[in-house]
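Q: Please take a close look at one part of this model. Start from a single residue and work outward through its surroundings, in one connected account.

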Amino acid sequence: DLMYPTIKLNDMVFVDTNQNVVEDNKIYLFEVNGFYKIRRLMINKNSALIHIDNQEKKKTYIVSSFDMGDITIIGKIVGLISDLN
């Protein structure tokens with residue numbers, strides 16, 4: 001629920017694994033510290049700020065910053081199918 005409302009519970013995301021060059025303010029699947037995450041990345045020179053889209057969670061969620069060398073980009077989120085239930 002950290003990426004809500006952009007990505008809702010039970011949405012299926014499509015990841016383009018050929019897109020691993022990070023563009024500012026786009027959403028990526030990546031690995032950091034042994035965990036896989038889907039988050040919005042903000043780029044600042046050689047570091048990345050990891051953001052969430054859920055405004056309610058931003059009050060308690062601390063934005064993380066990592067060197068780009070510490071993050072393995074799996075791919076860019078290029079689409080999704082929303083849960084129709």
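A: **D53 and its surroundings**

D53 is buried, because its relative accessible area is 10%, under the 20% cut-off. The model is a predicted one. D53 sits in the loop between strand 4 and strand 5. Its side chain makes a polar contact of 2.5 Å with the side chain of T6. Beyond four places in sequence, D53 touches L2, M3, Y4, P5, T6, I27, R40 and K58.

Two of those contacts, Y4 and P5, carry a backbone feature. The peptide bond between Y4 and P5 is cis, with omega near 10°. Most peptide bonds are trans. P5 belongs to the segment before strand 1 (12-16).

N10 is also in the segment before strand 1. N10 is not a glycine, yet its phi is positive, at about 75°. N10 counts as exposed because its relative accessibility is 56%, over the 50% cut-off. N33 has a positive phi too, near 55°, and is likewise not a glycine. N33 lies in the loop between strand 2 (26-32) and strand 3 (35-44). With 58% relative accessibility, N33 counts as exposed. Most residues other than glycine have a negative phi.

Next comes the pocket. The largest pocket has a volume of about 170 Å³. Its lining includes L2, M3 and Y4, which are among the contacts of D53. N10 lines this pocket as well, with D1, I7, K8, L9, D11, I38 and R39 also in the lining. By class, six of the lining residues are nonpolar, four are charged and one is polar.

Y61 touches two residues of that lining. Leaving aside neighbours within four places, Y61 contacts L2, R39, I50 and I52; L2 and R39 line the largest pocket. Y61 lies in the loop between strand 4 and strand 5 (64-67), where D53 is also found. Y61 is partly exposed, at 23% relative accessible area, whereas D53 is buried at 10%. Y36 is 25 residues from Y61 in sequence, and their C-alpha atoms are 17 Å apart.

I50, a contact of Y61, leads into the largest nonpolar core. That core has ten residues: V22, Y28, F30, V32, L41, A48, I50, F66, I71 and I73. Strand 2, strand 4 (47-51) and strand 6 (71-81) each contribute at least two of them. Strand 2 gives the largest share, three residues. V32, a member of this core, contacts K37, F66, D70 and I71, apart from residues up to four places away. Of these, F66 and I71 are core members too.

A second, separate core has five residues, including M3, I7, I27 and I77. This core brings the account back to D53. M3 and I27 are among the contacts of D53, and M3 and I7 help line the largest pocket.

M3 thus gathers several threads: it touches buried D53, it lines the largest pocket, and it belongs to the second core. L2 joins two of the residues discussed, as it touches D53 and Y61. Y4 is a contact of D53, a lining residue of the largest pocket, and one end of the cis peptide bond to P5.

Key:
Residues are numbered from 1 along each chain as its sequence is written. This is a predicted model: local features need pLDDT of at least 70, side-chain atom pairs count only at pLDDT 80 or more; totals for chains, interfaces and linings use all residues. Side-chain values use heavy atoms; hydrogens and water are left out. Helices (H or I, at least four residues) and strands (E, at least two) are DSSP runs, numbered from the N terminus. Buried means under 20% relative accessible area, exposed over 50%, partly exposed in between (1.4 Å probe, protein chains only). On a 1 Å grid over the protein atoms alone, a cavity is a set of points where a 1.4 Å probe fits but cannot get out, and a pocket is an open set with protein on both sides within 12 Å along at least five of seven lines; lining residues have an atom within 4 Å of a point. Grid points are joined across faces, edges and corners, and a volume is the space filled by probe spheres set on the points. Ala, Val, Leu, Ile, Met, Phe, Trp, Tyr, Cys and Pro count as nonpolar, Asp, Glu, Lys and Arg as charged, and the others, Gly among them, as polar. A nonpolar core is a set of buried Ala, Val, Leu, Ile, Met, Phe, Trp, Tyr and Cys residues joined through side-chain atoms within 4.5 Å. Contact means heavy atoms within 4.5 Å. A polar contact is a pair of N or O atoms within 3.5 Å; within protein, one must be able to donate a hydrogen and the other to accept it, and residues adjacent in sequence count only if both atoms are side-chain atoms.
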